[in-house]
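I opened this model to look up a few things in turn: its turns and strands, its core, its domains and the surroundings of its ligand. My notes follow in the order in which I looked.

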Amino acid sequence: MLPGSETSVRGLLEKDLAAIHELSLVELSVRRTIDETRSCIFGQNQVVRVLVDHGAHCIGYALGWQVRDIAELTEIAIAAPSKGRGFGRFLCTNFLSQVKQAGAKSIDLEVKDNNRIAIGLYESMGFLKVGVRAKYYRDGCDAWLYSLEVS
Ligand SMILES: CC(C)(COP(=O)(O)OP(=O)(O)OC[C@H]1O[C@@H](n2cnc3c(N)ncnc32)[C@H](O)[C@@H]1OP(=O)(O)O)[C@@H](O)C(=O)NCCC(=O)NCCS
């Protein structure tokens, strides 16, 4: 739990589906049906950490996968009213601890080249830029590939 806050991070519950679906659409522009979101978050090897408020409602999530010592953070989003208060860092740190505890030795992710907030977060957490996929996104932005080695 964050100091001075009732916000905490826990594992995924069935009741989080609608909130995660909405956050992925609004914050990440992910277009998929609710059933696709369900398959995605409850799928095999998926790792989901859920940020909840004092009423246990989902206000953010981190989604990724892990196979043995390799993990990837594929989506992370915080609801608009809760942004900029340290929750993104808190959630990302929790995701990293989770996969590390389960044996991950490296964690990969990709981010749009113009997402300064996310890039600031990842670089401050020690992720190193390891590659670029030119014009990877529909709007012509590049994907920057990051990786973090953990011991
Ligand atoms: C990216 C995101 C998860 C960060 O969560 P957050 O709770 O807003 O961020 P935090 O308050 O934890 O801040 C973490 C770091 O992000 C950066 N950051 C946060 N707000 C920022 C802002 N307004 N301007 C610039 N950098 C900012 C800083 O590096 C900050 O670290 P610092 O506070 O030590 O300076 C959140 O903004 C979000 O949901 N964005 C939309 C979805 C998205 O882009 N996800 C990432 C896809 S790769």
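**Two turns and the strands beside them**

I began with Ala56, which I find in the loop between strand 2 and strand 3. I keep in mind throughout that this is a predicted model. Ala56 is not a glycine, yet I read a positive phi of about 65° for it. I then asked whether Ala56 is buried, exposed or partly exposed. I count 13 C-beta neighbours inside 10 Å, so Ala56 goes down as partly exposed.

The loop belongs to a hairpin, in which strand 2 and strand 3 have five residues between them. I see strand 2 and strand 3 running antiparallel, joined by seven bridges, and I note that Leu51 stands opposite Gly60 in strand 3.

I looked next at the loop between strand 3 and strand 4, where Arg68 lies. Arg68 also has a positive phi, of about 50°, although it is not a glycine. I find 10 other C-beta atoms within 10 Å of Arg68, and because a residue with 12 or fewer is exposed, I enter Arg68 as exposed. The hairpin of strand 3 and strand 4 has two residues between the strands. Eight bridges join strand 3 to strand 4, which run antiparallel, and in strand 4 I find Leu73 as the bridge partner of Gly64.

How many of the ten residues of strand 3 are buried? I get seven, so I describe strand 3 as largely enclosed by the rest of the structure.

**The core**

I turned to the largest nonpolar core, which has 34 residues, and looked for those that touch the most other members: they are Leu51, Tyr61, Ala62, Leu91, Phe95 and Ile107. At least two residues of this core come from each of helix 1, strand 2, strand 3, strand 4, helix 3, strand 5 (106-112) and strand 7 (143-149). Helix 3 gives the most to this core, with seven residues. Domain 1 (1-88) and domain 2 (105-151) both give residues to this core, so I place it between them.

I followed Ala62 further and, leaving aside its neighbours within four places in sequence, I find it in contact with Arg49, Leu73, Ile76, Leu91, Cys92 and Phe95.

**The two domains**

I take the protein as divided into domain 1 (1-88) and domain 2 (105-151), and I have 19 Å between the centres of the two, taken over C-alpha atoms. The contact takes six residues from domain 1 and six residues from domain 2. On the side of domain 1 that touches domain 2, the largest share comes from strand 4, with four residues. I sort the residues of that side of domain 1 into three nonpolar, one polar and two charged.

**Around the ligand**

Last I looked at the ligand, which 20 residues surround, the closest being Lys83, Gly88, Arg89, Gly120 and Leu121. Which helix gives the most to the shell around the ligand? I find that helix 4 does, with six residues. Helix 1 (17-28), strand 4 (70-78), helix 3 (87-101) and helix 4 (116-124) each supply at least two residues of this shell. By class I enter nine nonpolar, six polar and five charged residues for the shell around the ligand. I note too that the shell draws at least three residues from each of domain 1 and domain 2.

Key:
Residues are numbered from 1 along each chain as its sequence is written. This is a predicted model: local features need pLDDT of at least 70, side-chain atom pairs count only at pLDDT 80 or more; totals for chains, interfaces and linings use all residues. A residue is near a molecule or strand if its C-beta atom, placed from the backbone, lies within 6 Å of it. Ala, Val, Leu, Ile, Met, Phe, Trp, Tyr, Cys and Pro count as nonpolar, Asp, Glu, Lys and Arg as charged, and the others, Gly among them, as polar. Domain bounds come from an automatic or database domain assignment. A nonpolar core is a set of buried Ala, Val, Leu, Ile, Met, Phe, Trp, Tyr and Cys residues joined through C-beta atoms within 7 Å. A residue is buried if 20 or more other C-beta atoms lie within 10 Å of its own, exposed if 12 or fewer, and partly exposed in between; C-beta atoms are placed from the backbone. Two residues are in contact if their C-beta atoms, placed from the backbone, lie within 7 Å. Two strands pair if DSSP finds at least two bridges between them.
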